[in-house]
Amino acid sequence: MIAVSSPLASGTPPAEGGGSAGRTVFGVVDVGGTKILAGLATASEILATQRLSTQALRGPDDIVDRIAGALTQLAGAPGLPRLSAVGLSVPGPLDRRLGVVHFTPNLLWEHYPVAAELSRRLGGIPVRIDDDANCAAAGEAWQGAGRGFAHLVVLTIGTGIGGAVIIDGVLVHGHQDLAGEIGHMAIVPDGPPCACGHSGCLEAVASGNAIGRLGAALLTQNESPALSRLAREGGGEVHADLVFRAAAAGDPACQALLDKAAGHLGAAIGSLVQVLNPQAVVLGGGVMCPENAGRLLPAIRAQMNRHLFEIQRGAVQLLRGELGDSAGLWGALQLVAPGSPAAAQRAGNAASRG
Ligand SMILES: [Zn+2]
């Protein structure tokens with residue numbers, strides 16, 4: 001069971017003694033563009049979490065200082081053993097082996113050795129990193145909607161779109177740790193610009209940001225009275241949430257906008273199913289909250305099926321993520337916890353190297 005509070009806003013202190021005396025305790029951290037979740041875990045349970053504001057403009061050293069402070073505070077509860085390692089989910093692209101983040105547009109990090117910096121602040125304990133989409137996927141595969149599937153594709157649809165691929169139970173990292181960038185698959189040639197610098201990426205036509213941007217364009221063209229009213233009431237800015245609300249209220253322009261975004265997702269997923277032949281595709285992230293998923297999933301499934309052979313259609317499950325905000329923490333935990341899929345993979349790699 002997940003021992004995080006709901007909502008996670010104020011975090012949860014470890015229970016007295018934590019039930020973990022004598023066991024190994026790990027730090028788990030999920031760094032996002034606006035918030036950071038730092039937690040304490042055993043190999044099979046998240047014991048406590050603390051939520052921090054990212055404050056990216058203060059720079060990476062400040063962020064790592066505060067993460068180290070939060071972990072030290074959580075691990076300082078009575079009856080807990082010393083932290084033995086930390087698993088860290090961070091935006092990529094990154095080099096897992098070196099523990100270096102190459103760059104992150106949202107956090108303004110450039111070639112930042114985050115693993116070494118955090119380790120130094122925590123007395124030299126091991127710190128392992130992976131990118132946030134891979135961690136969310138590994139979390140869902142280990143403890144969430146992807147449990148029991150050896151062949152899995154995971155999309156995290158929020159502000160942007162993250163992705164990850166698991167084949168034969170192994171998370172695919174590729175030659176440069178850059179595999180699984182599903183959000184940057186080319187979906188609309190010469191389409192709208194993407195935050196990555198390219199154009200027509202899936203993220204540019206179907207992410208939360210894209211839905212908000214397309215909604216704002218509807219307002220400019222005066223095509224959605226319902227969205228205009230909601231935006232006025234909310235202070236003027238158009239977010240994806242408002243587009244979903246206007247569509248739920250029956251606004252045809254917003255419904256068409258969401259159908260189109262779902263169609264792009266369905267086409268991308270259909271292509272992925274053709275390439276990878278997974279048992280399931282898991283869709284997580286803020287855009288896929290239960291209310292929105294009810295709106296999007298039928299259209300995604302219909303478009304996906306148009307790209308599949310008859311024999312594939314009933315053989316791939318389309319599932320909503322189960323872990324929400326804690327998917328990244330579970331993914332961070334599997335980087336360091338013995339008994340996790342990643343630990344088994346590390347052991348296998350070591351054995352095959354002889
Ligand atoms: Zn892109």
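## A buried helix

A residue counts as buried here if 20 or more other C-beta atoms lie within 10 Å of its own. With that cut-off in hand, let us look at helix 11 of this predicted model. The helix covers residues 327-336 and is mostly covered, with 10 of its 10 residues buried. The buried residues are Ala 327, Gly 328, Leu 329, Trp 330, Gly 331, Ala 332, Leu 333, Gln 334, Leu 335 and Val 336.

One residue of this helix turns up again elsewhere: Ala 332 is among the residues that Leu 88 touches.

## The overall picture

Stepping back, the protein has 12 helices and 13 strands. Its radius of gyration is 21 Å, close to the 20 Å that the globule rule gives for 354 residues, so the protein is as compact as a globular protein of that length. Along the principal axes, the C-alpha trace spans about 60 × 50 × 35 Å.

Of the 354 residues, 46% count as buried. If we take contacts between residues at least 6 apart in sequence, 64% of them join residues at least 24 apart.

## Two domains

The domain assignment splits out domain 1 (25-132) and domain 2 (145-322). Their centres, taken over C-alpha atoms, are separated by 28 Å. Where they meet, domain 1 supplies 7 residues to the contact and domain 2 supplies 5. On the side of domain 1 that touches domain 2, there are 3 nonpolar, 1 polar and 3 charged residues.

## An open sheet with an enclosed strand

Now for a sheet worth tracing on your screen. Its 5 strands follow the order 11-10-9-12-13, forming an open sheet with mixed pairing. Strand 11 (170-171) and strand 13 are the edge strands, each pairing on one side only. As background, strands of a sheet pair through backbone hydrogen bonds, either parallel or antiparallel.

Strand 12 is a good place to pause. How many of the residues of strand 12 (residues 280-284) are buried? The count is 5 of 5, so strand 12 is largely enclosed by the rest of the structure. In a regular strand the side chains alternate between the two faces of the sheet. Here, Ala 280, Val 282 and Gly 284 point one way from strand 12, Val 281 and Leu 283 point the other way, and all are buried.

Strand 12 has partners to follow as well. Strand 9 (residues 152-157) pairs with it in the parallel sense over 5 bridges, with Leu 152 opposite Ala 280 and Val 154 opposite Val 282. Strand 13 (residues 317-320) also runs parallel to strand 12, joined by 4 bridges. In strand 13, Leu 319 is the bridge partner of Val 282.

## The nonpolar core

In soluble globular proteins, nonpolar side chains tend to be buried together. The largest nonpolar core in this model holds 108 residues, of which Val 29, Ile 67, Leu 88, Leu 118, Leu 227 and Val 243 touch the most other members. Helix 8 (residues 252-276) gives the largest share of this core, 12 residues. Both domain 1 (25-132) and domain 2 (145-322) contribute residues, so the core lies between them.

What does Leu 88 touch, leaving aside residues up to four places away in sequence? The list is Val 29, Val 114, Ala 115, Leu 118, Val 127, Arg 128, Ile 129 and Ala 332. Of these, Val 29 and Leu 118 are also named among the core residues that touch the most other members.

Methods
Residues are numbered from 1 along each chain as its sequence is written. This is a predicted model: local features need pLDDT of at least 70, side-chain atom pairs count only at pLDDT 80 or more; totals for chains, interfaces and linings use all residues. Domain bounds come from an automatic or database domain assignment. Two residues are in contact if their C-beta atoms, placed from the backbone, lie within 7 Å. Ala, Val, Leu, Ile, Met, Phe, Trp, Tyr, Cys and Pro count as nonpolar, Asp, Glu, Lys and Arg as charged, and the others, Gly among them, as polar. A residue is buried if 20 or more other C-beta atoms lie within 10 Å of its own, exposed if 12 or fewer, and partly exposed in between; C-beta atoms are placed from the backbone. Helices (H or I, at least four residues) and strands (E, at least two) are DSSP runs, numbered from the N terminus. Two strands pair if DSSP finds at least two bridges between them. A nonpolar core is a set of buried Ala, Val, Leu, Ile, Met, Phe, Trp, Tyr and Cys residues joined through C-beta atoms within 7 Å. The radius of gyration is taken over C-alpha atoms; the globule rule is 2.2 Å times the number of residues to the power 0.38.
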